[in-house]
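Open the model in your viewer and keep a selection box ready. The stops below go through aromatic pairs, charges over rings and one strand.

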Amino acid sequence: MKTIPSLLRSAALFAAAACSIGSVLAAASPAGAVEPAFKVATFNLGDGPLRDKVDDVVDLAGKGATVIGLQEASDRDDLLVELRKRSGMASWRWCRVADDGGPAVPILYDSAVWELETPCGGFLAVESRYLGPAGAGPDESKPKFVTAFVLHHRSSGRNVRVLNTHFIPSARNSSLPSGELRRRIAHVRDHVAALLDRIGDGTRHPMPVVLTGDLNGPGSWPLLDPLKGIDLTGWSTDPTHGGETLDHVVQRNLDQEGQAYVSTSSDHRAVVKTLR
């Protein structure tokens, strides 16, 4: 498990690479060339046997996903081992950051399609804090991390910044006592601020960005407006959990060509997006 200082070093490398690599993106493809499309998914594993979760990931890969952000993966240490035993899945890898007991948010990727451009890493978005007994989740939130690094797309030569995270629940529940609701809203705002700080604006950071995650709210949620303010687009529109739209794959400086919602063994539907 990485320490907080090592995570900070990874985050610094990630940010530096975003600036230096982004400055030469224009040279990656000839003028007028059509970039190859690729698919990115987000999937909250939820409860259930490991075997079922491996089946779900294999299904997402079969639908063309080559990058998959996972949530609620703290107790799924063997998922990658079991996944790579499946036919055609031996080239898959993942990046996990320290979760200090919180829900892990690894990113799976197919190393036949992508290679690491920066070290596997991430950063602490929000430290553990007291939220209160009402609402979903524990009284005290566990540390919330973001997995974040740069992948190099082998066939196109492009670099893409990928991030994956999971927001706390119940920050939209107006039936909560006012103090507890305020604490949850403040938690989400701090989580969003940490993402804003790392992703930056598109002018200074032109590299394509993809953010995956269970954000526990729809794209119309005002607390997500700052992320839309840095030009992250493509928010989910269909329900992904209990009739609500909580799970998203959003992007910047990439064209969206399609989006599918995939039923799984989890209580969440996965989202699979085609990008170019």
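Select tyrosine 109 and phenylalanine 149: both are buried (under 20% relative accessible area, where over 50% is exposed and in between is partly exposed, with a 1.4 Å probe and protein chains only). This is a predicted model in which local features need pLDDT of at least 70, side-chain atom pairs count only at pLDDT 80 or more, and totals for chains, interfaces and linings use all residues. Residues are numbered from 1 along each chain as its sequence is written, and side-chain values use heavy atoms, with hydrogens and water left out.

Rings of Phe, Tyr and Trp (its six-membered ring) pair if their centres lie within 6.5 Å; planes under 30 degrees apart are stacked, over 60 edge-to-face, the rest tilted. That rule gives two aromatic pairs.

Next, select phenylalanine 38 and tryptophan 114: the ring centres are 5.0 Å apart and the planes at 85°, so this pair is edge-to-face. Phenylalanine 38 and tryptophan 114 are buried.

Return to tyrosine 109 and phenylalanine 149, whose centres are 6.2 Å apart with planes at 55°, so the pair is tilted.

Now show arginine 172: its charged end sits over the ring of tryptophan 221, 5.8 Å from the centre (NZ of Lys or CZ of Arg within 6 Å of the ring centre and within 35 degrees of the ring normal). Arginine 198 has its charged end over the ring of phenylalanine 123, 4.7 Å from the centre.

Last, select strand E14, residues 270-275 (strands are DSSP runs of E, at least two residues, numbered from the N terminus). Six of its six residues are buried, so E14 is largely enclosed by the rest of the structure.

Definitions and conventions:
Helix = DSSP H or I, 4+ residues; strand = E, 2+ residues; numbered from the N terminus.
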